[in-house]
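The following exercises are to be worked with the sequence and the coordinates at hand. Each task is followed by a solution in steps.

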Amino acid sequence: MFNFLNYFLAVLFVVFFAIVAWFILNIIALKKTD
Amino acid sequence: MNLALFILSIILMIFNLVWIVSFTPMVFEQHWAQKIFYIHVPLAWVGFLSYFFVMLAGILYLVSRNLKYDRIGHAAAEIGTLFTGLVLITGPIWATPVWGKPWVWEPRLITTLVLFLIYIGYFILRNVGLYRQRVALICAIVGIIAFLDIPIIFASVDFWAADIQLHPQRVMSKQPSGVFIPFLFSLFSFTILFFTMLFFKIRVLYSKDKKDNYV
């Protein structure tokens, strides 16, 4: 049965990786200024 | 980074995810797609909250001319733009199975897209190479003016008749408690995440200003 689970997982994937990428980029930026 | 706040937001997010996946009711017609609601709406809320901070920091900068407020505004604008961008990505993912098409040109979607584009312009302004105080002044003014779009987004569902719009109206109070309580918890979790990111970004910008001898 098609239950739209893949759409929900796509949202989780996008949000998770966007926020993690933001943290990584800012940690790198902080390291450069220290 | 405020480590305690960071750990708290991770714990809240894990708890939030488990609650959304395992303990929220399945809505018959949308099934799993409805659960996007617990992520999409808090993302929009954090986006608006960020832009409120940008506006507030803009006013304080204009009054005090202290670069501290510019850093707060810059940090909040970056987080707001990230989250508004995520709203514009998660919205079409949700809309594809439910509306049958990812994007419809109707008031709420257009006003949100306009808000996102205004802040893209805000970051272009930040990087055109003006001197530091000049950038801070212009961005403070843009941040205050851009906030005017937020009440328009809220009111946008009233611009046209409800029956010709696809985007839901303001109906949260009519949601059953099985949906409403986890939704409130998700709002809370994302708000804590926002403050974690805000304090961290302010710290990054402070270090950068210190390196460039502005502090």
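**Exercise 1. Describe chain A by its secondary structure, its extent and its burial.**

Solution. The model is predicted.
Step 1: chain A contains 1 helix and 0 strands.
Step 2: the C-alpha trace of chain A measures about 55 × 5 × 5 Å along its principal axes.
Step 3: of the 34 residues in chain A, 12% are buried.

**Exercise 2. Determine how many residues of chain A and of chain B are in contact, and classify those on the chain A side.**

Solution.
Step 1: the contact joins 16 residues of chain A to 21 residues of chain B.
Step 2: on the side of chain A that touches chain B, 12 residues are nonpolar, 3 are polar and 1 is charged.

**Exercise 3. Characterise the packing of helix α2 against helix α5 in chain B.**

Solution. Two packed helices are described by the angle between their axes and the distance between the axes.
Step 1: the axes of α2(B), residues 37–64, and α5(B), residues 132–146, come within 8 Å and cross at roughly 135°.
Step 2: angles over 145 degrees would count as roughly antiparallel and those from 65 to 115 as roughly perpendicular; α2(B) and α5(B) are therefore oblique to each other.
Step 3: the crossing of α2(B) past α5(B) is left-handed.
Step 4: α2(B) contributes Tyr51(B), Val54(B), Met55(B), Gly58(B), Ile59(B), Tyr61(B) and Leu62(B), which meet Ala136(B), Ala140(B), Ile141(B), Gly143(B), Ile144(B) and Ala146(B) of α5(B).
Step 5: by class, the residues of this contact are 11 nonpolar, 2 polar and no charged.

**Exercise 4. Compare the span of helix α4 of chain B with the expected value, then identify its buried residues and their cover.**

Solution.
Step 1: α4(B), residues 107–126, has 20 residues.
Step 2: from first to last C-alpha, α4(B) reaches 29 Å, close to the 28 Å expected at 1.5 Å a residue.
Step 3: the buried residues in α4(B) are Arg108(B), Leu109(B), Thr111(B), Thr112(B), Leu115(B), Tyr119(B) and Tyr122(B).
Step 4: their cover includes α3, α5 and α6 (149–155) of chain B.

**Exercise 5. Is Leu88(B) buried, partly exposed or exposed, and which residues beyond its sequence neighbours does it contact?**

Solution.
Step 1: Leu88(B) belongs to helix α3 of chain B, residues 67–99.
Step 2: burial requires 20 or more other C-beta atoms within 10 Å, and exposure 12 or fewer. Leu88(B) has 18 such atoms within 10 Å, and is therefore partly exposed.
Step 3: setting aside neighbours within four places in sequence, Leu88(B) is in contact with Thr112(B), Leu113(B) and Phe116(B).
Step 4: Leu198(B) lies 110 residues from Leu88(B) along the chain, and their C-alpha atoms are separated by 21 Å.

Technical notes:
Residues numbered from 1 in each chain as written. Chains lettered and ligands numbered in written order. Predicted model: local features only at pLDDT ≥ 70, side-chain atom pairs only at ≥ 80, totals over all residues. Helix = DSSP H or I, 4+ residues; strand = E, 2+ residues; numbered from the N terminus. Contact = placed C-beta atoms within 7 Å. Nonpolar A, V, L, I, M, F, W, Y, C, P; charged D, E, K, R; others polar. Axes fitted to C-alpha atoms, helices over the stretch in contact; angles between N-to-C directions. Parallel < 35°, antiparallel > 145°, perpendicular 65-115°, else oblique. Left-handed = near helix turned anticlockwise from the far one by under 90°. Expected span 1.5 Å × (residues − 1).
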